[in-house]
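Here are a few short exercises to work through with the model open beside you. Try each task before you read its solution.

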Amino acid sequence: MAFKQSLSLPRFYFLCGLLFLGALALFAYHSGSGSLWDIDEPNNAQALKEMFAQHNFVVPLFNGTLRVAKPALNYWLMWGGVEVFGMNSWGLRMGSVLVGALFILYLTMATRRLIGPGPALLTGLVAATILHSQIIFRAAVPDPLLILFVSMSLISYLRAYQFPEERSFSILLSYAAMALATLDEGPIGFLIPGLIIVVFLLLRGNLPYLWKEGRLQWGLPLFLLIALPWYVAVGVETHWRWDLGFLLRANISRYNAEMQGHRGPFFYYLITIPLALLPWSIFLPQALLPLWQKRRQLIQEHPVDTFLLSWLLVWVIFFSISATKLPNYVWEAYPPLFMFLGIRLYGAVTGERPLQRQGLYLSLTALFLVGMALLLAGAWIVPAQIPPLGSLYYLGLPYALSALIAMLWVWKSQTGRWLVTLTAGGAALTFCLMTYTEPALNLLKPSAFMGEKIRQYQDGKPYSIAAWHWFQPNFLFYAGQGNMVLHRPRHISELLHILRHHPGPLYLVLPSREVPRIRNRLPNDLAIQTIYVSYELYNHENLTLLRISQSSHST
């Protein structure tokens with residue numbers, strides 16, 4: 001895997017700094033311009049808002065009840081952003097943006113000795129410009145932290161295995177990173193990295209390394225020192241209800257049974273991974289072919305390749321068996337693919353291992369076809385499914401045009417130029433998504449606008465909120481104040497109970513088709529005012545916000 005070391009160390013670090021700044025700018029671009037995306041972002045944001053209201057940053061709550069979905073670390077990350085930028089989209093997301101850029105920086109710098117400085121820089125470039133990075137590193141979710149710390153734990157362990165002179169530091173860093181991953185997402189933060197390490201050592205016939213060289217006597221106490229205090233604290237405060245609920249509902253049940261409709265076949269990730277890694281996934285066949293060619297000597301003669309392959313396969317297989325499937329679940333398996341792509345692209349750029357022209361044309365044709373599929377879907381399917389959104393044909397242009405231009409450079413044997421063109425194509429798609437698509441979609445997420453309407457009407461006076469035959473966490477986040485509860489009545493009697501026993505008017509959001517029935521069934525002495533109507537993206541129907549109050553209090 002070694003390539004000639006053509007970059008001086010100062011120049012390498014300078015380019016790492018540029019890559020970090022580029023990734024930071026790319027992930028930050030318009031990240032705070034749109035409202036939160038249901039359901040994960042507002043779930044996390046509302047839990048943080050209730051932590052602020054309760055002055056308690058240990059116990060997560062949502063709508064006044066215990067939230068056992070996630071541990072504390074991501075809340076604390078968002079807390080830092082909110083303290084700087086306020087309780088808004090940018091404040092909630094800026095932590096993920098920064099973590100994403102730090103991940104790119106760490107990945108590039110930590111792989112320099114493993115695969116060479118040139119391949120490491122291309123590894124970082126690929127990681128920064130894939131399609132899935134533009135989604136995950138601009139979202140107020142725990143995934144960016146998990147990606148960073150899982151990658152840090154596994155790369156550090158590999159460095160400890162490869163470079164004995166830095167073994168103690170790297171292996172303790174690995175344990176610390178697993179602890180932080182556990183504090184962010186729970187047991188998968190150490191179980192799957194630990195399984196990957198064990199599988200690798202078993203393949204190498206070197207399992208005793210785990211206790212002979214693995215610094216367990218220092219690593220385990222360090223892990224517990226970092227990860228355990230919060231789990232004990234939240235357990236004590238909730239009489240262990242949080243810990244038990246998190247283990248059973250958020251981990252075992254999610255793995256054994258499909259949750260929230262997120263299911264898929266066993267080969268689900270064989271479809272999602274190539275799409276997530278666009279535009280660079282078109283080179284995955286060329287990047288993985290060398291592993292097949294040296295398969296007989298792979299385990300004993302190529303430990304780095306063996307470790308990366310173990311990382312990739314164990315993570316993907318683990319979540320392929322899971323009943324609940326989402327593309328985000330295997331993001332942590334991408335770094336090995338980034339490295340394989342970086343190595344292969346570096347060989348092509350330097351001419352040490354040129355890519356065959358026929359293979360390049362096939363790969364670029366595949367990217368062109370993906371671009372055309374996006375163009376056609378944006379021009380016809382999207383307007384048919386979501387009429388208010390209109391045509392999104394332009395989303396196909398970055399991939400289609402960059403593929404055509406790259407073909408021209410291939411024809412002229414300009415390797416570096418087709419690489420730059422594809423990088424620009426990936427960045428251009430981000431520009432289109434965030435400049436044009438995000439504002440259009442934001443208009444179809446009415447919760448933020450409904451919250452603004454409520455604040456205008458109430459001007460700080462007491463009120464209540466409720467949802468009828470509809471629910472999205474965004475409405476609670478934007479319409480509520482502090483730890484205000486969102487009521488979800490199912491019968492008119494429950495709705496009347498809320499009106500009688502809670503102060504001020506009631507703001508009720510419901511599908512517009514339900515409005516006549518509600519008006520007919522409520523007493524005549526109530527003032528019912530329609531203050532907002534909008535099409536909603538998630539349920540593909542109009543929503544109405546009603547203001548219901550006693551006639552004497554109506555405005």
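**Exercise 1. Place leucine 228: which exposure class does it belong to, and which patch does it join?**

Step 1. With a relative accessible area of 41%, leucine 228 is partly exposed, because that class lies between buried (under 20%) and exposed (over 50%), using a 1.4 Å probe and protein chains only.

Step 2. The residue sits in helix H12, residues 216–237; helices are DSSP runs of H or I with at least four residues, strands are E runs with at least two, and both are numbered from the N terminus.

Step 3. Leu228 joins Leu224, Val232, Val236 and Trp240 in a nonpolar surface patch, with about 450 Å² of accessible area together. Such a patch takes Val, Leu, Ile, Met, Phe, Trp or Tyr with over 30% relative accessible area and no salt bridge, side chains being joined within 5 Å. Areas come from the Shrake-Rupley method with a 1.4 Å probe.

A note on the model: it is predicted, so local features need pLDDT of at least 70 and side-chain atom pairs pLDDT 80 or more, while totals for chains, interfaces and linings use all residues. Residues are numbered from 1 along each chain as its sequence is written, and side-chain values use heavy atoms, leaving out hydrogens and water.

**Exercise 2. Find which residues form salt bridges with arginine 113.**

Step 1. Apply the rule: a side-chain nitrogen of Lys or Arg within 4 Å of a carboxyl oxygen of Asp or Glu.

Step 2. Glutamate 165 qualifies, its closest N and O atoms with arginine 113 being 2.7 Å apart. This pair links helix H5 (residues 112–115) to the loop between H8 and H9, 52 residues apart.

Step 3. Glutamate 166 also pairs with arginine 113, at 3.2 Å between the closest N and O atoms.

Step 4. Now compare accessibility: arginine 113 is partly exposed at 36%, glutamate 165 is exposed at 58%, and glutamate 166 counts as buried at 16%.

**Exercise 3. Describe the second largest pocket: what is its volume, and which classes of residue line it?**

Step 1. The volume is about 450 Å³. On a 1 Å grid over the protein atoms alone, a pocket is an open set of points with protein on both sides within 12 Å along at least five of seven lines, and lining residues have an atom within 4 Å of a point.

Step 2. Of its 19 lining residues, the closest to the centre are Leu270, Leu288, Leu312, Leu313 and Leu337.

Step 3. Helix H17 gives the most to the lining, with 6 residues.

Step 4. By class, the lining has 17 nonpolar, 2 polar and no charged residues.

How values were computed:
1 Å grid on protein atoms, 1.4 Å probe; cavity = no way out; pocket = protein on both sides within 12 Å on 5 of 7 lines; lining within 4 Å. Points joined across faces, edges and corners; volume = space filled by probe spheres on them. Nonpolar A, V, L, I, M, F, W, Y, C, P; charged D, E, K, R; others polar. Patch = residues over 30% accessible without salt bridge, like charges linked within 9 Å, V, L, I, M, F, W, Y side chains within 5 Å.
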